[in-house]
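User: I would like a close look at a single part of this structure, namely one helix, together with whatever packs against it and the pockets beside it. Please take me through it in one connected account.

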Amino acid sequence: MGSTRRSFTDEYKASAVSFVLDENRAINEVARNIGVHEMTLGKWVKKERDAREAAKEPDEALTESERAELLRLRDENKSVKAENAQLQMQVSFAKKVATWFAKDQQ
């Protein structure tokens, strides 16, 4: 005896995904309510999230506070990189001094 595989229309899938993404409901709750396995609904949701993400412009979705945070983090990243370069120079100098002292001791 073979099992029959259920098929769903695109409209049905879109409606189920809309409950999760647009109405902020949990996948397991929606899956239980519509009689679909959580994994199945999860795959539909992931596919739609990926499609929505691909359709967005890179800077389009940023709010003003997110944009300010991005600029702050970029500035912080620059200062951390500069500090890292300074520390690497100090380590390099310390290695040279240690090598010089080691040669001088012999």
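Analyst: What follows is an account of helix H3 and its surroundings.

The model is a predicted one, and the values below are computed from it. Helix H3 runs over residues 38-55, and its 18 residues should span 26 Å at 1.5 Å a residue, which agrees with the 26 Å that separates its end C-alpha atoms. The buried residues in H3 are Leu41, Trp44 and Val45. Because these buried residues fall within an arc of 95° when seen down the axis of H3, they line one face of the helix. The other side of H3 carries exposed residues, and these are Met39, Lys43, Lys46, Lys47, Glu53 and Ala54.

The partners of the buried residues of H3 are helix H1, residues 10-21, and helix H2, residues 27-34. H1, with its 12 residues, reaches 16 Å from its first C-alpha to its last, close to the 16 Å expected at 1.5 Å a residue. Within H1, the residues Ala16, Val17, Val20 and Leu21 are buried. They cover an arc of only 130° around the axis, and therefore sit on the same side of H1. The packing is also seen from this helix, since the buried residues of H1 pack against H2 and H3. As for the loop between H1 and H2, it holds asparagine 24, which is exposed with a relative accessible area of 68%. The phi of asparagine 24 is near 55°, a positive value in a residue other than glycine, and the background to this is that most residues other than glycine have a negative phi. In helix H2 itself lies asparagine 28, which counts as partly exposed because its relative accessibility is 33%, between the 20% limit for buried and the 50% limit for exposed.

The pockets come next. The largest pocket holds about 270 Å³ of space, and H1 and H3 each supply at least two residues of its lining. The largest share of that lining, 6 residues, comes from H3. Among the residues that line the largest pocket are Lys43, Trp44, Lys47, Glu48, Ala51 and Arg52, along with others including Asp10, Lys13, Ala14 and Val17. By class, the lining of the largest pocket divides into 4 nonpolar, 1 polar and 7 charged residues. Trp44, one of the buried residues of H3, is thus found in this lining, and so is Lys43, which is exposed.

The second largest pocket has a volume of about 170 Å³, and Trp44 appears in its lining as well, together with Arg5, Arg6, Phe8, Val36, His37 and Thr40. The classes in the lining of this second largest pocket are 3 nonpolar, 2 polar and 2 charged residues. Phenylalanine 8 belongs to the segment before H1 and is partly exposed, with a relative accessible area of 23%. If its neighbours within four places in sequence are left aside, phenylalanine 8 is in contact with Lys13, Val36 and Trp44. Phenylalanine 8 and lysine 47 are 39 residues apart along the chain, and their C-alpha atoms are separated by 15 Å.

Taken together, Trp44 is a residue to follow through this account: Trp44 is buried in H3, lines the largest pocket, lines the second largest pocket and is in contact with phenylalanine 8.

Note on methods: Residues numbered from 1 in each chain as written. Predicted model: local features only at pLDDT ≥ 70, side-chain atom pairs only at ≥ 80, totals over all residues. Heavy atoms only, no water. Helix = DSSP H or I, 4+ residues; strand = E, 2+ residues; numbered from the N terminus. Expected span 1.5 Å × (residues − 1). Buried < 20%, exposed > 50% of the residue type's maximum accessible area, 1.4 Å probe, protein only. Arc of directions from axis to C-beta. Contact = heavy atoms within 4.5 Å. 1 Å grid on protein atoms, 1.4 Å probe; cavity = no way out; pocket = protein on both sides within 12 Å on 5 of 7 lines; lining within 4 Å. Points joined across faces, edges and corners; volume = space filled by probe spheres on them. Nonpolar A, V, L, I, M, F, W, Y, C, P; charged D, E, K, R; others polar.
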